[in-house]
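Please look over the model below with me before reading on. The notes that follow take the strands and then the nonpolar cores in turn.

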Amino acid sequence: RLSDCRFAGNRASVGGGLGIRTSAVIVERCFFADNQAQHASWTGGGGIWCRASTGAVTDCTFIGNTAYSVELPGDGGGLFSERSYLEVSGCTFANNATGAGGGGFYSVDQDSSRITDCHFTENVAAWGGAAFLEHSLATLARCTFVGNTSSSGAGAMETIGGNNALLDCEFVANTTAS
């Protein structure tokens with residue numbers, strides 16, 4: 001359990017702020033700012049990188065986190081979740097960025113996370129400025145997407161494969177350059 005923690009200005013090859021692998025974790029009321037996931041070949045999760053894990057991320061703020069690499073673009077500027085089940089609720093994702101998918105949130109490889117009552121504002125990515133769901137089973141409910149931008153894909157959210165659900169979400173002024 002991580003409560004009331006601040007992760008700021010950290011850098012790693014994956015999970016600039018926090019890395020979670022094959023664990024059960026609760027992260028609550030934490031602040032993730034200006035963390036970087038940076039690697040030569042591929043990277044993910046500027047704020048949090050999560051693989052094959054379960055748990056909850058509640059009332060957290062993700063602001064200014066990035067995921068970039070040299071050879072292949074990075075994924076999930078704020079939060080990256082692969083083959084996991086996370087209950088993400090009441091979180092704010094603002095001004096996060098990545099070179100590939102999901103400036104705020106990236107879900108991949110049968111990830112079945114549930115994102116509820118979260119706000120995505122002014123995140124930037126090549127595809128899915130706020131969120132990118134790739135072969136995912138994620139559910140997003142009562143989330144707002146405002147002013148997110150992508151350089152070539154959908155401004156707010158993009159999906160490839162999988163079986164995702166969007167329930168009562170609001171999309172306002174999201175843009176794409178192409």
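**Notes on the strands and cores**

1. Strand β12 (residues 79-82) and strand β16 (residues 105-108) pair in the parallel sense over 4 bridges, where two strands count as paired if DSSP finds at least two bridges between them, and strands are DSSP runs of E, at least two residues long, numbered from the N terminus. Within this pair, E82 stands opposite V108 in β16.

2. This is a predicted model, in which local features need pLDDT of at least 70 and side-chain atom pairs count only at pLDDT 80 or more, while totals for chains, interfaces and linings use all residues. Residues are numbered from 1 along each chain as its sequence is written, and side-chain values use heavy atoms, with hydrogens and water left out.

3. An open sheet of 6 strands runs in the order β4-β8-β12-β16-β20-β24, with parallel pairing. Its edge strands, β4 and β24 (157-160), each pair on one side only.

4. Elsewhere in the strand list, β5 and strand β9 (residues 54-58) pair in the parallel sense over 5 bridges, and A24 stands opposite T54 in β9. Strand β1 (residues 2-3) also pairs with strand β5 (residues 24-28) in the parallel sense, over 2 bridges, and here L2 stands opposite V27 in β5.

5. The largest nonpolar core (buried Ala, Val, Leu, Ile, Met, Phe, Trp, Tyr and Cys residues joined through side-chain atoms within 4.5 Å, buried meaning under 20% relative accessible area with a 1.4 Å probe, protein chains only) has 31 residues, of which F32, F62, V88, F120, L140 and F145 touch the most other members. Apart from this core lies another, of 5 residues, among them W49, F80, V108 and F132.

Methods. Buried means under 20% relative accessible area, exposed over 50%, partly exposed in between (1.4 Å probe, protein chains only).
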